[in-house]
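I opened this notebook to record what I looked up in a structure that was new to me. The entries follow the order of my reading.

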Amino acid sequence: VVARSEALVEPRTTVMSDDGKSLYVVDYHPGTLVKLRTGNLKTIQDKYLGYHPIGVTYDDATDKLWVAGYGGSVWVLKDK
């Protein structure tokens, strides 16, 4: 283990930004998407989505994150 994030409760899917500087993690409960700095795994940003997000993918061409959740939810977020 070279780094660990204590900010996550129930992490599920992760995806890395195309430049390798950020890691996006779906945190199942409490229902958030968390953006971590890859160098030290510190939280850069977190966004409450709602009921049980489970998957995430990143589209570098549009800087958008696509998140799927239980209950049929899909969220599309613009990366900041």
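The entries below concern strands, aromatic rings and a few single residues.

**Entry 1. The model.** I note at the outset that this is a predicted model.

**Entry 2. The sheet.** I began with the arrangement of the strands. I found an open sheet of four strands with antiparallel pairing, in the order S1-S2-S3-S4. S1 and S4 (43-48) stand at its edges with a single partner strand each, so one side of each has no neighbour in the sheet. I also looked up the angle between neighbouring strands of this sheet, which is 20 degrees on average, direction ignored.

**Entry 3. The pairings.** I then went through the sheet pair by pair. S1 (residues 11-16) runs antiparallel to S2 and is joined to S2 by four bridges. Within this pairing, Val15 has Tyr24 of S2 as its bridge partner. Between S2 and S3 (residues 32-37) I found six bridges, again in the antiparallel sense. Here Asp27 is matched with Thr32 in S3. S3 and S4 are antiparallel as well, with five bridges. In that pairing Leu36 is opposite Thr43 of S4. As a general note, strands of a sheet pair through backbone hydrogen bonds, in either a parallel or an antiparallel way.

**Entry 4. The hairpins.** Which residue takes a positive phi in the hairpin of S1 and S2? It is Gly20, with phi near 75 degrees, and five residues lie between the two strands. The hairpin of S2 and S3 has four residues between its strands, and Gly31 in the turn has a positive phi of about 85 degrees.

**Entry 5. Strand S2.** Is S2 enclosed or open to the outside? Six of the six residues of S2 (residues 22-27) are buried, so I recorded this strand as largely enclosed by the rest of the structure. I checked the directions of its residues next: Ser22, Tyr24 and Val26 point one way, while Leu23, Val25 and Asp27 point the other way. In a regular strand, side chains alternate between the two faces of the sheet.

**Entry 6. Aromatic pairs.** I counted two aromatic pairs. Tyr24 and Tyr58 are stacked, with 5.4 Å from centre to centre and 10 degrees between the planes. This pair links distant parts of the chain, as Tyr24 is in S2 and Tyr58 in S5 (residues 53-59), 34 residues apart. Tyr24 and Tyr58 are both buried. The pair of Tyr28 and Tyr70 is edge-to-face, with 6.0 Å between centres and 90 degrees between the planes. Distant parts of the chain are linked here too: Tyr28 lies in the loop between S2 and S3, and Tyr70 in the loop between S6 (64-69) and S7 (73-78), 42 residues apart.

**Entry 7. Surroundings of Tyr28.** Tyr28 has 16% relative accessibility and therefore counts as buried. Tyr70, at 43%, counts as partly exposed. I also found Arg12 over the face of Tyr28, 3.9 Å from the ring centre.

**Entry 8. Positive phi outside glycine.** His52, in the loop between S4 and S5, has a positive phi near 45 degrees. Its relative accessible area is 16%, so His52 is buried. Asp63, in the loop between S5 and S6, has a positive phi near 55 degrees. With a relative accessible area of 31%, Asp63 is partly exposed.

**Entry 9. Lys35.** Is Lys35 buried or exposed? This residue of S3 has a relative accessibility of 9% and therefore counts as buried. Neighbours within four places in sequence aside, I listed the contacts of Lys35; among them are Ser22, Leu23, Tyr24, Thr43, Ile44 and Asp79.

**Entry 10. Thr38.** My last residue was Thr38, in the loop between S3 and S4. Thr38 is partly exposed because its relative accessibility is 28%. Not counting residues up to four places away in sequence, Thr38 touches Met16, Gly20, Lys21, Ser22 and Leu23. A polar atom of the Thr38 side chain lies 2.7 Å from the backbone oxygen of Gly20, the residue noted earlier for its positive phi in the hairpin of S1 and S2. From Thr38 to Asp19 I read 10 Å, C-alpha to C-alpha, for residues that are 19 apart in sequence.

Definitions and conventions
Residues numbered from 1 in each chain as written. Predicted model: local features only at pLDDT ≥ 70, side-chain atom pairs only at ≥ 80, totals over all residues. Heavy atoms only, no water. Buried < 20%, exposed > 50% of the residue type's maximum accessible area, 1.4 Å probe, protein only. Pairing = 2+ DSSP bridges. Axes fitted to C-alpha atoms, helices over the stretch in contact; angles between N-to-C directions. Phe/Tyr/Trp six-rings, centres within 6.5 Å; stacked < 30°, edge-to-face > 60°. Lys NZ or Arg CZ within 6 Å of the ring centre and 35° of its normal. Contact = heavy atoms within 4.5 Å. Polar contact = N/O pair within 3.5 Å; in protein donor to acceptor, adjacent residues only side chain to side chain.
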